[in-house]
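Please find below my notes on the packing of helices and strands in this entry, set out as numbered points. They are best read with the coordinates open.

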Amino acid sequence: MNTDPIADMLTRIRNANMVKHPSVEVPASKLKVELTKLLKEEGYIADYEVREAGNFKVINITLKYDEKGNPVITKLERISKPGLRHYSKAKNLQKVLGGMGVAIVSTPKGLLTDRKARKENVGGEVLCYVY
């Protein structure tokens, strides 16, 4: 049993990036699939696929590297943790690396990037920073 499945997913991606694996598998949930979809839309991962693995589903994430073989994701940072939740209003959402990175926010309208959350004027729980 895992206490923080989002942190586990981010750690798996971070570790696979460090050793330059082409892909990584993560146990699936609705939240993780939405998070992976956002990472693909923002261009941080190449692709993903949700598939059956026995009695449960897994997400197979294809990692993305630049032409020199360096990972596109330089840092994945978990912000809101189960022991200390971090909520923010739309106007108080911080820009990650001056707008070069992205914050993923869980809002009443679903998972959004910080830019979309500010545009739609909704706040929520800041899950992680990606850059």
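1. In this predicted model, helix α1 lies across β1 and β3, and its direction makes an angle of about 165° with that of β1. Helix α2, for its part, lies across β1, β2 and β3, running at about 155° to β2.

2. The sheet that these helices lie across is an open one of 3 strands, arranged in the order β1-β3-β2 with antiparallel pairing. Its edges are formed by β1 (23-27) and β2 (45-53), each of which pairs on one side only. On average, and with direction ignored, neighbouring strands of the sheet are turned by 25° against each other.

3. Between β2 and β3 (residues 56-63), the antiparallel pairing extends over 8 bridges. A position to inspect here is E49, which stands opposite N60 in β3.

4. The two helices also pack against each other: the axes of α1 (residues 5-18) and α2 (residues 30-41) are 10 Å apart and enclose an angle of about 40°. With that angle, α1 counts as oblique to α2, and the crossing in which α1 passes α2 is right-handed.

5. Which residues make this helix-helix contact? From α1 they are P5, I6, M9, L10 and I13, while α2 contributes L31, K32, L35, T36 and L39. Sorted by class, the contact of α1 with α2 comprises 8 nonpolar residues, 1 polar and 1 charged.

Terms used: Residues are numbered from 1 along each chain as its sequence is written. This is a predicted model: local features need pLDDT of at least 70, side-chain atom pairs count only at pLDDT 80 or more; totals for chains, interfaces and linings use all residues. Side-chain values use heavy atoms; hydrogens and water are left out. Axes are lines fitted to C-alpha atoms, for helices over the stretch in contact, and angles run from 0 to 180 degrees between N-to-C directions. Helices (H or I, at least four residues) and strands (E, at least two) are DSSP runs, numbered from the N terminus. Angles under 35 degrees count as roughly parallel, over 145 as roughly antiparallel, 65 to 115 as roughly perpendicular and the rest as oblique. A crossing is left-handed if the near helix is turned anticlockwise from the far one by less than a right angle, and right-handed if clockwise. Contact means heavy atoms within 4.5 Å. Ala, Val, Leu, Ile, Met, Phe, Trp, Tyr, Cys and Pro count as nonpolar, Asp, Glu, Lys and Arg as charged, and the others, Gly among them, as polar. Two strands pair if DSSP finds at least two bridges between them.
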